[in-house]
Amino acid sequence: MATAAHCLTCFEALDAHLESRKPLSLGEIESSYALYTSSLSSPASKAPQPPALRRLAADATDSSSSSSSSSSPSSTTASTPATSISSLSLGTVTSAPLFVTWNTLSPGGGSGSDVSLRGCIGTFEAQPLSTGLPEYATISALHDTRFPPVTKRDLPRLQAAVTLLTDFEDADDAYDWDIGTHGIRLSFSDAGRRYGATYLPDVAAEQGWTKDEALYSLVRKAGWAGGRSGWKALDLKITRYQGRKASLDYPEFKKWREWLATAQ
């Protein structure tokens, strides 16, 4: 469900914000990225460009001239990036609950690199992807209070991940979900205060947690400060959901932007 174009939209929104320029829209990115991938599979034959893409290429040349000529201390990202893309076709979903995650890749980048969380914010309210993706891309990069705001110097080592949420179901109990399949959203009350927090579907599996470990960590994430042995007495309300995720590293965004800027 999530696609590479969705991830490019996140990079485009963040890069445009940091460069004080107008970002391309999701529709423009999807159209140009389809031609870009086609040109990579058939480099000897160049697909004809519609007038709209010629205009995008001209706009990209104007808006990126200052950034493309500058160098970065982390410019080792020229290597082939690791990209994870949903097999579903572009344009199949136009609105969905979504989360945008920014990760920092270990030095060197590329496939198999270690990643560390740099920001993650989203919404359970269905959003038009054309507006929701750029909005939450910038919010999660600049306003996740767990991290300092992302800067231009951070971009070359970033990975953007988009998760579109589906299949929301009330769980029968706190354990009625599967690691690696479901995200969980819990809520509970204690001492007159309400708590709530969520983990996306890939979190528990990536951390190697059991269900007990994931639930306890999520209770703590919600802000509950009780003892480790006391959380099981809480009346947890669990909603489980699934997510379709795509991720893309900065070098692929940079290659697409450079192709767009030089397309004739």
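Strand 4 (158–170) and strand 7 run antiparallel and are joined by 10 bridges, two strands being counted as paired if DSSP finds at least two bridges between them. The model described here is predicted, so local features need pLDDT of at least 70 and side-chain atom pairs count only at pLDDT 80 or more, whereas totals for chains, interfaces and linings use all residues. Residues are numbered from 1 along each chain as its sequence is written, and side-chain values use heavy atoms, with hydrogens and water left out.

Within the pairing of strands 4 and 7, Q159 has D249 of strand 7 as its bridge partner. Strand 4 also pairs with strand 2, again in the antiparallel sense, over 7 bridges. In strand 4, L164 is the residue that stands opposite L98.

These strands belong to a protein chain with 7 helices and 7 strands. Helices (H or I, at least four residues) and strands (E, at least two) are DSSP runs, numbered from the N terminus. Along the sequence the order is α-α-α-β-β-β-α-β-β-β-α-α-β-α. Of the 264 residues in the protein chain, 45% are buried; buried means under 20% relative accessible area, exposed over 50% and partly exposed in between, with a 1.4 Å probe and protein chains only.

The largest pocket has a volume of about 690 Å³. Pockets and cavities are found on a 1 Å grid over the protein atoms alone: a cavity is a set of points where a 1.4 Å probe fits but cannot get out, a pocket is an open set with protein on both sides within 12 Å along at least five of seven lines, and lining residues have an atom within 4 Å of a point. Grid points are joined across faces, edges and corners, and a volume is the space filled by probe spheres set on the points. The lining of the largest pocket comprises 25 residues, of which T101, L117, C120, L200 and V203 lie nearest its centre. The elements that give two or more residues to this lining are strand 2 (95–105), strand 3, strand 4, strand 6 (193–199), helix 5 (203–207) and strand 7. Strand 3 gives the most, with 7 residues. By class, 11 residues of the lining are nonpolar, 9 polar and 5 charged; here Ala, Val, Leu, Ile, Met, Phe, Trp, Tyr, Cys and Pro count as nonpolar, Asp, Glu, Lys and Arg as charged, and the others, Gly among them, as polar.

The model also holds 2 cavities of 30 Å³ or more. The second largest has a volume of about 30 Å³, and its lining consists of W177, H182, G183, I184, Y199, L200, A204 and A214. This lining has 6 nonpolar and 2 polar residues, and no charged ones. L200 thus appears in two settings, as a lining residue of this cavity and among the residues nearest the centre of the largest pocket. H182 is found in the loop between strand 4 and strand 5 (183–190) and counts as buried because its relative accessibility is 8%. The C-alpha atoms of H182 and L165 are separated by 10.0 Å, the two residues being 17 apart along the chain.

Aromatic contacts form a further layer of the description. There are 13 aromatic pairs, where rings of Phe, Tyr and Trp (its six-membered ring) pair if their centres lie within 6.5 Å, and planes under 30 degrees apart count as stacked, over 60 as edge-to-face and the rest as tilted. The pair of F124 and Y241 is edge-to-face because the ring planes stand at 80 degrees, with the centres 5.6 Å apart. This pair links distant parts of the chain, F124 in strand 3 (residues 115–128) and Y241 in strand 7 (residues 237–249), 117 residues apart. Y241 is buried, since its relative accessibility is 0%. One aromatic cluster is formed by F11, W102, Y250, F253 and W256.

F124 has a charged neighbour as well: R185 lies over the face of its ring, at 4.0 Å from the ring centre. A charge sits over a ring if NZ of Lys or CZ of Arg is within 6 Å of the ring centre and within 35 degrees of the ring normal. K211 lies over the face of W177, at 5.5 Å from the ring centre.

Two loop residues remain to be noted for their backbone. S20, in the loop between helix 1 (4–19) and helix 2 (26–41), has phi near 55 degrees, a positive value in a residue other than glycine. With a relative accessible area of 71%, S20 is exposed. A191, in the loop between strand 5 and strand 6, likewise has a positive phi, near 55 degrees, and counts as exposed at 80% relative accessibility.
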